[in-house]
Amino acid sequence: QVQVVESGGGLVQAGGSLRLSCAASGSIFSMNDMGWYRQASGNDRELVARITWRGSFYYADSVKGRFGISRDNAKNTLYLQMNSLKPEDTAVYYCNAVPRRWPWGQGTQVTVSS
């Protein structure tokens, strides 16, 4: 069973940047499309960025041009570079395969103050 551990969240002012990391156990990481999801209070969890196993990208319109997803298959690690952060980016951020295949991790809280 693959386990994921997210890190890198925090409190940042609007316009600031954060870089999230996701460490995944197991050797099948490189064989999966991977994504970053987020869940704001009172909202459903949504996929905001996806990177295929071939390295193609997808971004939700709400983050396009501001967020960048990348992966290091040798380290079984997924990253999310978040720039020009907005208060509406405040959420708990999770990583998982796309579509989701493994149990959710604890997530990492991102709070953007105005």
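## A walk from the rings to the core

Tyr59 is a good place to start: with a relative accessible area of 16%, this residue is buried. Keep in mind as you look around that this is a predicted model.

How many aromatic pairs are there? The count comes to 3. One of them brings Tyr59 together with Phe57: the ring centres are 6.3 Å apart and the planes meet at 15°, so this pair is stacked. The cut-off behind that label is an angle under 30 degrees between the planes. Phe57 sits on the other side of the burial scale, since its relative accessibility of 52% makes it exposed, whereas Tyr59 is buried.

Now hop over to another pair, Tyr94 and Trp104. Here the arrangement is edge-to-face, with 5.6 Å from centre to centre and 65° between the planes. Tyr94 belongs to strand β9 (residues 91-97), while Trp104 is in the loop between β9 and β10 (108-113), so this pair ties together parts that are 10 residues apart in sequence. Buried or exposed, what is Tyr94? At 10% relative accessibility, Tyr94 counts as buried. Trp104, at 30%, is partly exposed. Add Tyr37 and you have one aromatic cluster made up of Tyr37, Tyr94 and Trp104.

Tyr94 has a charged companion too: the charged end of Arg45 sits over its ring, 4.0 Å from the centre. Something similar turns up at Phe29, where Arg71 lies over the face of the ring at 4.9 Å from the ring centre.

Arg71 is also a handy bridge to the next stop, Asn32. Leaving aside neighbours within four places in sequence, Asn32 is in contact with Trp53, Arg71, Ala97, Arg101 and Trp102. Where does Asn32 sit? Look in the loop between β3 (18-24) and β4 (34-39). Although it is a loop residue, Asn32 has a relative accessible area of 7%, so it counts as buried. With Arg101 there is a side-chain link as well, namely a polar contact of 2.7 Å.

Finally, turn to the nonpolar interior. The largest nonpolar core has 29 residues, and the ones touching the most other members are Trp36, Ile69, Leu78, Leu80, Met82 and Tyr93. Which strands feed this core? β3, β4, β5 (46-51), β7 (67-72), β8 (77-82), β9 and β10 each supply at least two of its residues. You've met some of these already: β9 is the strand that holds Tyr94, and β3 and β4 are the strands on either side of the loop with Asn32.

Terms used: Residues numbered from 1 in each chain as written. Predicted model: local features only at pLDDT ≥ 70, side-chain atom pairs only at ≥ 80, totals over all residues. Heavy atoms only, no water. Helix = DSSP H or I, 4+ residues; strand = E, 2+ residues; numbered from the N terminus. Buried < 20%, exposed > 50% of the residue type's maximum accessible area, 1.4 Å probe, protein only. Polar contact = N/O pair within 3.5 Å; in protein donor to acceptor, adjacent residues only side chain to side chain. Contact = heavy atoms within 4.5 Å. Phe/Tyr/Trp six-rings, centres within 6.5 Å; stacked < 30°, edge-to-face > 60°. Lys NZ or Arg CZ within 6 Å of the ring centre and 35° of its normal. Core = buried A, V, L, I, M, F, W, Y, C linked by side-chain atoms within 4.5 Å.
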